[in-house]
Amino acid sequence: MAERGGFEPPEELVPLNDLANRRFRPLSHLSGATSLSRGRFRLTATRYRPLFYQTSTRRSNHRSALQGITQRFFCPTGIRKAQGQSFLRMPAVVPAVRRHLLDHATRPAYNNLSGSPVPWAENSSSRKQQIEQNSPAAARVRLRRDCNASAGHKKMKTMDASIQGPQEMQEEWFDSLFAMIDAVFRPDGVRSMRSDFPVFLSNANSGNLFVCRAEGEVICHIGYLPVTLSFFGHSVKLGMLGAVATHPQWRGRGLGTATLRYAFRKAAGQNISLMMISGSRGLYERNGARSVGSFAEYSLPAEALTCNGVSVQRARPSDAPLLAGLHRGKPFRFIRPLEVWEKVIDAEICHNTPSQYWLVKKDGEPAAYFAMPASQDDGAARLHEYGGDMQALVSGLGAAAADREDLSKILLRTYRHETPGRETLERAGARFEGCRPMEGTLRIVDIETLMNELLPYTEEVAGSRAAAKLRFRNGPGDRFAISYGREVLNVAGRGTMAEVLFSNGLRRYADELAEKKRLKAVLERLLPLTAPKYDMSFV
């Protein structure tokens, strides 16, 4: 065995998780660690710290070598990190021992995060493929790739020293920024991103705008707007990420990926727990974002709309307090300062579409409001922002659409908890078009922060005793654990965790949860959570 701290480059790396199985007996005498033993062999791994272990070249020394793992475990120089996994170093001179361990690892292995089973290959060919994926050459490639990805700005400087960033936006760079993003998003020159996003792309929010620069010009941009979501009366800090653009001449260099990850790290430092992203391309999905949630979409034929006992008027910035008051009646909404209402109404923009804001009054009092967008090629107009009494809203739509000859129907989406509103729409002649996923994607920034914010909501839904025992934890890499007492569900992947929380992701764990009845009962009461949908807060 090599001396303490004197590890040489391993001939072969085998994930420690792949060597344990249900026939290994969990040992609890090591605090903060999971020990898995079978016969004379003992393998140990902590919750977060990976471990290398070198077997002896002599069969008679196998037992002493494996027992020495506890001492080596606490030696900093004897610990190597490889993609957040624990690896056992198996020199090629002991193939018999290697085969013995691998051949007996045919049942689900214990995960080193909590000691619960994780999937393992069903047959020898699949096991061989998994082992080959952890060969020294493959491990070096993955490590190099991950190091470059985790410090994307360093990678870019190595590729092209003229590129500066990612870095926070400065006031003197705004002209260059708008020239670049207008060329990407407003090539016709009719409108400008500067006027369409007066809150998001402003100097006041420059600390949340991140750019890469070259030759004195902005060549890449990603930003987000911190907002507060009222989740049935409970506040959740959320980021609205958008305006993701790279100058065409600088694409294909990893600028977007590096800037996106830079933005995620900044958001985590601000205790933002969720990120809404206005897009669903591969860049976002590779970084843990998913299209989740489900919204009921209804269509109102223009000929069926009538104005009954209400009056409508174009809303002006001075009417912002009236619209904000109606908006506050929603149980699930974005909390907006009054000046945000004034700027957006003045800009006449909603969900990246030119829109007119209307105020509906009944008996002289504000009853509803909506943002009527320009119709699409098929004559349909989709309402993204509306509020107030649904009956007054439908009547107001009839008055506002009376002079719109290009309008054939109005589309709007409702949350699943808005049952009375859906019934009103159906009585008014609306047709159910089906359930639609969210426009864009959602990414979990920090699961522990999110569920701490939603602890009062969990108590309301599942009860105080269940909420006290239910835990959501961040693990190494993009791994998470949901525990209820001793029952633990491990979730691999940030995107998978988003699907578990906000969609039907629990279905993929149906077999595992069948043996964890208490955890299953609590999660079925709590999940899925309601995912937010875009409105005038779109960026």
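Are Phe295 and Tyr415 buried or exposed? Hold that thought while I say what we're looking at. This is a predicted model, where local features need pLDDT of at least 70, side-chain atom pairs count only at pLDDT 80 or more, and totals for chains, interfaces and linings use all residues. Numbering runs from 1 along each chain as its sequence is written, and side-chain values use heavy atoms, leaving out hydrogens and water.

Okay, rings. There are 14 aromatic pairs in the structure. Take Phe231 and Phe232: their ring centres are 5.3 Å apart with planes at 85°, so we call that edge-to-face. By pair I mean rings of Phe, Tyr or Trp (its six-membered ring) with centres within 6.5 Å; planes under 30 degrees apart are stacked, over 60 edge-to-face, and the rest tilted.

Phe231 is buried at 3% relative accessibility, while Phe232 is partly exposed at 24%. Buried here is under 20% relative accessible area, exposed is over 50%, and partly exposed is in between, with a 1.4 Å probe and protein chains only.

Now back to my opener. Phe295 and Tyr415 have ring centres 5.6 Å apart and planes at 70°, so that pair is edge-to-face too. And the answer: both residues are buried. These two, Phe231 and Phe232 belong to one aromatic cluster, along with Phe332 and Tyr457.

Last bit: charges over rings. The charged end of Arg443 sits over the Phe264 ring, 3.8 Å from its centre. For that, NZ of Lys or CZ of Arg has to be within 6 Å of the ring centre and within 35 degrees of the ring normal. Arg314 lies over the face of Trp358, 6.0 Å from the ring centre.
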